[in-house]
Amino acid sequence: MQLPKALWALAAAALCCFLVLLIHAQFLREGQLAAGTCEIVTLDRDSSQPRRTIARQTARCACRKGQIAGTTRARPACVDARIIRTRQWCDMLPCLEGEGCELLANRSGWTCTRHGGRRKTTTVS
């Protein structure tokens, strides 16, 4: 009679431990990014100047070893750290499909140019 009660108590304790571990793992996962991914944290736009919009964004990234936060196809992304160190911004393919990328003269950023002359300049701070 004692053995079945002990087995039930052991099974219940194991189930409780499993549920606690599952809930704990879920809380740890919330707020964490998968390796190699980024998310935009803040995005501010200022359209007070005619024909010009100034946008500032902050991204949070969880990059793998050898990578650092950058921009690919106009979205935050993890890119090879060499690109950032050497300031070869166009190597990370920052512009949208069909846009041309040009480094700024002082290598402080890049310009994406569409057909028709529309330009989008990005500076790195």
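Is Trp-110 buried or exposed? In this predicted model, Trp-110 is buried, with a relative accessible area of 4%. The paragraphs below begin with the chain as a whole and then return to this residue and its surroundings.

The protein chain holds 2 helices and 7 strands. Followed along the sequence, these elements come in the order α-β-β-β-β-α-β-β-β. The chain has 125 residues, and 14% of them count as buried. Its exposed surface comes to about 9,800 Å², and carbon and sulfur atoms supply 57% of that area. Among the contacts in the chain with a separation of 6 or more, 15% are accounted for by residues 24 or more positions apart.

The next topic is the core. In soluble globular proteins, nonpolar side chains tend to be buried together. Here the largest nonpolar core is made up of 7 residues: Val-79, Ile-83, Trp-89, Met-92, Cys-95, Trp-110 and Cys-112. One of these, Cys-112, can be followed through its contacts. Leaving aside residues up to four places away in sequence, Cys-112 touches Pro-94, Cys-95, Glu-99 and Gly-100, and also Arg-118, Arg-119 and Lys-120. Cys-95 thus appears both as a contact of Cys-112 and as a member of the core.

The two tryptophans of the core bring in the aromatic rings. A pair of aromatic rings is described by the distance of the centres and the angle of the planes. A search of the whole structure finds 1 aromatic pair. The ring centres of Trp-89 and Trp-110 are 5.9 Å apart and the planes stand at 40°, so the pair is tilted. Trp-89 lies in the loop between α2 (81-86) and β5 (100-103), while Trp-110 belongs to strand β6 (residues 109-113). The pair therefore links distant parts of the chain, 21 residues apart. Trp-89 is buried like its partner: its relative accessible area is 3%, and that of Trp-110 is 4%.

Charged side chains come next. The whole structure contains 4 salt bridges. In one of them, the side chains of Glu-39 and Arg-60 meet at 2.8 Å, N to O. This pair, too, links distant parts of the chain: Glu-39 sits in strand β1 (residues 37-46) and Arg-60 in strand β2 (residues 54-62), 21 residues apart. Glu-39 has 32% relative accessibility and counts as partly exposed. Arg-60, at 35%, is also partly exposed.

Two further salt bridges involve Arg-82. Arg-82 forms one with Asp-80, and the closest N and O atoms are 3.8 Å apart. Asp-91 forms another with Arg-82, again with 3.8 Å between the closest N and O atoms. Salt bridges that share partners join Asp-80, Arg-82 and Asp-91 into one network. How exposed are its members? Asp-80 is partly exposed, with a relative accessible area of 38%. Arg-82 counts as partly exposed at 36% relative accessibility, and Asp-91 does so at 44%.

Taken together, the two kinds of pairing can be set side by side. The rings of the aromatic pair belong to residues that are buried, Trp-89 and Trp-110. The salt bridge between Glu-39 and Arg-60 joins residues that are partly exposed, at 32% for Glu-39 and 35% for Arg-60.

Technical notes
Residues are numbered from 1 along each chain as its sequence is written. This is a predicted model: local features need pLDDT of at least 70, side-chain atom pairs count only at pLDDT 80 or more; totals for chains, interfaces and linings use all residues. Side-chain values use heavy atoms; hydrogens and water are left out. Helices (H or I, at least four residues) and strands (E, at least two) are DSSP runs, numbered from the N terminus. Buried means under 20% relative accessible area, exposed over 50%, partly exposed in between (1.4 Å probe, protein chains only). Contact means heavy atoms within 4.5 Å. Accessible areas come from the Shrake-Rupley method with a 1.4 Å probe; for residues, only the protein chains shown count as cover. A nonpolar core is a set of buried Ala, Val, Leu, Ile, Met, Phe, Trp, Tyr and Cys residues joined through side-chain atoms within 4.5 Å. Rings of Phe, Tyr and Trp (its six-membered ring) pair if their centres lie within 6.5 Å; planes under 30 degrees apart count as stacked, over 60 as edge-to-face and the rest as tilted.
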